[in-house]
Amino acid sequence: MKILIIEDEQSLAGSIQQYLQRENYLCEIASDITPARQMIEDFTYDCILLDINLPEGSGLTLLKELKQDKKTDGVIIISARGALEDKVLSLKLGADDYLAKPFHLAELSARIEAVIRRRYMQGESKLSYEDIVIDTLARSVSVQDQPITLTKTEYELLLFLIINKGRVVTKNAIAEHLLGRSALYLDNFDIIYAHVKNLKKKLLGMGAAIKTIYGTGYKFS
């Protein structure tokens, strides 16, 4: 899962990034509205952590733009402004949650998990497709009731494909989801082909559900 941290306080942004990376999230940082706007335009994020007070203005301006552009990225406001009116305004503008500073990083992680569960899984912690069951809290996968061992990347790839089941997911979209901005520097998609091939081998006969759409990407169906 990919997180964008929009926070101008470098030490806090770095602490959040380090903590969430240990929780197996892919995290990127923008310190102000202009770079954040460009990153949101270029990439899709599973959750955006958005500070209100930024050097160029209010993060709520960016939140309004997100909703006007019909962006579906989850948004959690993280702000030192803990007043009730700020929280109410943020939620009315379309934020999924509001967390006042200072906060414990474990609580932030739990809130992110909740936003992602609501966005993709109707609030449930388990996602299933035929004989495949993904437990997002335990980060475990079973096929035909048999647990299988996946690497972090294989797990994220399977989760991404099942969330988008029935849709063609391009190689670019997969690369960006797994690698973030680093995907811009790929010379080819060999690393994506390798991860898909390894994942299909591990799915105990369910690998055939991952269809190759030649010249485009993959479809889980």
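Before I begin, one term: a salt bridge here is a side-chain nitrogen of Lys or Arg within 4 Å of a carboxyl oxygen of Asp or Glu. Please keep that in mind while I describe what you have in front of you, which is a predicted model.

The chain falls into two parts, with domain 1 covering 2-121 and domain 2 covering 126-220, and the centres of domain 1 and domain 2, taken over C-alpha atoms, are separated by 26 Å.

Let me turn to where these parts meet. On one side, 12 residues of domain 1 make contact, and they do so with 15 residues of domain 2. Together, domain 1 and domain 2 bury about 1,200 Å² between them, and carbon and sulfur atoms give 65% of that area. If you look for N24, F43 and M121, you will find the three residues that supply 46% of the area domain 1 buries against domain 2, which is more than any other three residues supply.

How many salt bridges does the rule find across the interface of domain 1 and domain 2? The rule finds zero salt bridges there, whereas it does find two residue pairs in polar contact across this interface, both at pLDDT 80 or more.

As for the elements involved, the side of domain 1 that touches domain 2 draws at least two residues from each of strand 2 (26-30), helix 2 (33-42) and helix 5 (105-121), and helix 5 gives the most, with four residues. Sorted by kind, the residues on that side of domain 1 are five nonpolar, one polar and six charged, so charged residues are present on that side by the grouping used, although the rule finds zero salt bridges across the interface.

Conventions. Residues are numbered from 1 along each chain as its sequence is written. This is a predicted model: local features need pLDDT of at least 70, side-chain atom pairs count only at pLDDT 80 or more; totals for chains, interfaces and linings use all residues. Side-chain values use heavy atoms; hydrogens and water are left out. Domain bounds come from an automatic or database domain assignment. Contact means heavy atoms within 4.5 Å. Buried area is the accessible area (1.4 Å probe) that two parts lose on being put together, summed over both. A polar contact is a pair of N or O atoms within 3.5 Å; within protein, one must be able to donate a hydrogen and the other to accept it, and residues adjacent in sequence count only if both atoms are side-chain atoms.
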